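Got your viewer open? Let's take a walk through this protein, one selection at a time.

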Amino acid sequence: MPSPLLTQYIAGHDGDPWYGTSRTRMLRGVSAADAAATPIPGGHSIWQLVLHMTAWTEEVQRRLDGAAPATPARGDWPPVPAPTDAAWRAAKAALTRAHARVADTVATMPAQRLQRAVGKTREPALGTGVTFGEMLVGLAQHDAYHVGQIAQLKRLLGR
């Protein structure tokens, strides 16, 4: 039976999270043009948010695989490619793959590993100085925060 932590992490991506709409449902029907739009001057686009969530999910996976904490290999806010339908589908698929990989890893790791420390010092921007369990809760919180931003951007775009 999956842990409550894993259950909530999965629900936030493609389930029935208690706060409302899952990320997958929120992104459904968003076109490449809408994903690339920035209706708030100086703000992020839906596409940027998706790439950002993917980058941090991949970084969490690196840490779960035993790597030392670092900023994401893609960067904190990876650049958006030319806004084609194919590139947008690829961006969403990469997020889903990264999410599934973390979920699969957490499903098979010993529960006591969740109590081990990530990094040696507390650096909030890097998400270190917490336990693996706290890091996973933080990733779920991070994703929920950005899904809320996506909801607002969709509203501003009239979707």
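Which helix holds both E59 and R63, and how many residues apart are they? The two residues both lie in helix α4, 4 residues apart, which is about one turn of the helix. Before you click further, keep in mind that this is a predicted model.

**Stop 1: the charged trio on α4**

Select E59 and R63 and show their side chains. They form a salt bridge, with the closest N and O atoms 2.7 Å apart. Now add R62 to the selection: its side chain meets that of E59 in another salt bridge, at 2.7 Å from N to O. R62 and E59 are 3 residues apart in helix α4, again separated by about one helical turn. Here's the background: an α-helix has 3.6 residues a turn, so residues three or four places apart point the same way. And side chains of opposite charge can pair when their charged atoms come close.

Since they share partners, the salt bridges join E59, R62 and R63 into one network. Switch on a surface and check who can still be seen. E59 is buried, at 1% relative accessibility, and R63 is buried too, at 3%. R62 is partly exposed, with a relative accessible area of 31%.

**Stop 2: a bridge from helix to loop**

Stay on α4 and pick E58, then add R74. Their side chains meet in a salt bridge of 2.6 Å, N to O. E58 lies in helix α4 (residues 46-64) while R74 sits in the loop between α4 and α5 (85-108), so this pair ties together parts that are 16 residues apart in sequence. Buried or exposed? E58 is partly exposed at 29%, and R74 is partly exposed as well, at 37%. The whole model has 5 salt bridges.

**Stop 3: the largest pocket**

Next, select W56, P124, A125, L126 and G127. Of the 16 residues that line the largest pocket, these lie nearest its centre. The space in there comes to about 380 Å³. Which helix gives the most to this lining? Colour α6 (132-156) to find out: α6 supplies 5 residues, the most of any contributor. Both α4 and α6 supply at least two residues each. If you colour the lining by residue type, you get 8 nonpolar, 4 polar and 4 charged residues.

**Stop 4: the second largest pocket**

Now jump to Q8, Y19, A140, Q141 and A144. The second largest pocket is lined by 16 residues, and these are the closest to its centre. It holds about 270 Å³ of space. This time α1 (4-14) gives the most to the lining, with 6 residues. α1 and α6 each supply at least two of the lining residues. By type, the lining divides into 9 nonpolar, 5 polar and 2 charged residues.

**Stop 5: along α6**

Select all of α6 and draw a distance between its end C-alpha atoms: they are 36 Å apart. At 1.5 Å a residue, its 25 residues should span 36 Å, so the two values agree. Now highlight some of its buried residues, including F132, M135, L136, L139, V147, I150 and L153. Charged residues are on the buried list too, among them D143 and K154. What do the buried residues of α6 pack against? Bring up α1, α2 (23-27), α4, α5 and the strands β1 (117-123) and β2 (128-131): those are the partners.

**Stop 6: over to α5**

Try the ruler on α5 next. Its 24 residues should span 34 Å at 1.5 Å a residue, and the end C-alpha atoms are 35 Å apart, which agrees. Show its buried residues, including A87, W88, A91, L95, H99, V102 and V106. They pack against α1, α2, α3 (32-36), α4 and α6.

**Last stop: just past α6**

Finish at G158, which is found in the segment after α6. Its phi is positive, near 80 degrees. Buried or exposed? G158 is exposed, with a relative accessible area of 59%. Add D34 to the selection: G158 and D34 are 124 residues apart in sequence, but their C-alpha atoms are 9.9 Å apart in space.

Definitions and conventions: Residues are numbered from 1 along each chain as its sequence is written. This is a predicted model: local features need pLDDT of at least 70, side-chain atom pairs count only at pLDDT 80 or more; totals for chains, interfaces and linings use all residues. Side-chain values use heavy atoms; hydrogens and water are left out. A salt bridge is a side-chain nitrogen of Lys or Arg within 4 Å of a carboxyl oxygen of Asp or Glu. Buried means under 20% relative accessible area, exposed over 50%, partly exposed in between (1.4 Å probe, protein chains only). On a 1 Å grid over the protein atoms alone, a cavity is a set of points where a 1.4 Å probe fits but cannot get out, and a pocket is an open set with protein on both sides within 12 Å along at least five of seven lines; lining residues have an atom within 4 Å of a point. Grid points are joined across faces, edges and corners, and a volume is the space filled by probe spheres set on the points. Ala, Val, Leu, Ile, Met, Phe, Trp, Tyr, Cys and Pro count as nonpolar, Asp, Glu, Lys and Arg as charged, and the others, Gly among them, as polar. The expected span of a helix is 1.5 Å times one less than its number of residues. Contact means heavy atoms within 4.5 Å.
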